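Please work through the exercises below with the sequence and the structure open beside you. Try each task on your own before you read the solution under it.

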Amino acid sequence: LLVQVALVDGVYAEAEQTAIQAILVRTFGLGEAAAWSLLDAAEAEAADATDNYRFTSKVMALSEAERIDFVSALFEVANADGEACAFEDAYARKIAGLLHVTDRDRAEARAAANARLGDKSEG
């Protein structure tokens, strides 16, 4: 899903790849090489994806707090290239809904992502 949100606008920027890799390191404590390897596998999965269910069903196994953190990671990737994209934003909001993350928690997750990126705006 992190790769999918980066791909939705048709441009898979290096900044988005780097953001995903950093999220994998931060979240799972992976080394950089292991995170890049996992990212390569995720890119292959995303290329073959025809729907979101196989991904969202796995994330639904997480706790509510972990799902909110995941939504924050989606917004972090969506905004990593410094360009606001309505398609990426809509995709992240759609996935948040599929993960049963409330609108309030989604907004807070977006704000947390923006803070990590150094952008205090909600846009």
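The exercises that follow go from the whole chain to single residues, and they concern a predicted model.

**Exercise 1. The whole chain**

Find how many helices and strands the protein chain has, and decide whether its radius of gyration agrees or disagrees with that of a compact globule.

Solution. Begin with the elements: the protein chain has seven helices and zero strands, so that, read from the N terminus, the order is α-α-α-α-α-α-α. Next, take the overall extent, where the C-alpha trace spans about 35 × 30 × 30 Å along its principal axes. Then compare the radius of gyration with the rule: for 123 residues a compact globule would have a value near 14 Å, and the 13 Å of the protein chain agrees with this. Finally, turn to the contacts, and note that among those with a separation of 6 or more, 67% are between residues 24 or more positions apart, while 40% of the 123 residues count as buried.

**Exercise 2. The two sides of a helix**

Work out which residues of α3 are buried, and which exposed residues lie on the face turned away from them.

Solution. First locate the helix: α3 covers residues 32–48, which makes 17 residues, and its reach of 25 Å from the first C-alpha to the last is close to the 24 Å expected at 1.5 Å a residue. Second, apply the cut-off for burial, which is under 20% relative accessible area; the residues of α3 that count as buried are A35, L39 and A46. Third, look down the axis of α3, where these buried residues fall within an arc of 45° and therefore line one face of the helix. A general rule helps here: an α-helix has 3.6 residues a turn, so residues three or four places apart point the same way. Fourth, ask what the buried residues of α3 meet, and you will find that they pack against α1 (2–7) and α2 (14–28). The face turned away from this buried side carries the exposed residues A33, A47 and D48.

**Exercise 3. The nonpolar core**

Identify the residues that touch the most other members of the largest nonpolar core, and name the helix that gives the most to this core.

Solution. The largest nonpolar core has 31 residues, and those touching the most other members are L1, L2, L74 and V77. At least two residues of this core come from each of α1, α2, α3, α4 (53–59), α5 (64–78), α6 and α7 (103–117), and α5 gives the most, with eight residues. To follow one member outward, take L2: leaving aside neighbours within four places in sequence, L2 is in contact with I20, I23, F70, A73, L74 and V77.

**Exercise 4. Polar side chains**

Determine whether E76 is buried or exposed, and find the side chains that make polar contacts with those of E76, N79 and D89.

Solution. Start with E76, which sits in helix α5 and is buried, with a relative accessible area of 7%. The side chains of E76 and R26 are joined by a polar contact of 2.9 Å, and, beyond four places in sequence, E76 is in contact with I23, R26, A113, R116 and L117. Continue to N79, in the loop between α5 and α6, whose side chain makes a polar contact of 3.3 Å with that of N114; with residues up to four places away not counted, N79 touches N114 and L117. End with D89 in helix α6, where a polar contact of 2.9 Å links the side chains of D89 and R93.

How values were computed
Residues numbered from 1 in each chain as written. Predicted model: local features only at pLDDT ≥ 70, side-chain atom pairs only at ≥ 80, totals over all residues. Heavy atoms only, no water. Helix = DSSP H or I, 4+ residues; strand = E, 2+ residues; numbered from the N terminus. Expected span 1.5 Å × (residues − 1). Buried < 20%, exposed > 50% of the residue type's maximum accessible area, 1.4 Å probe, protein only. Arc of directions from axis to C-beta. Contact = heavy atoms within 4.5 Å. Polar contact = N/O pair within 3.5 Å; in protein donor to acceptor, adjacent residues only side chain to side chain. Core = buried A, V, L, I, M, F, W, Y, C linked by side-chain atoms within 4.5 Å. Rg over C-alpha atoms; globule rule 2.2 N^0.38 Å.
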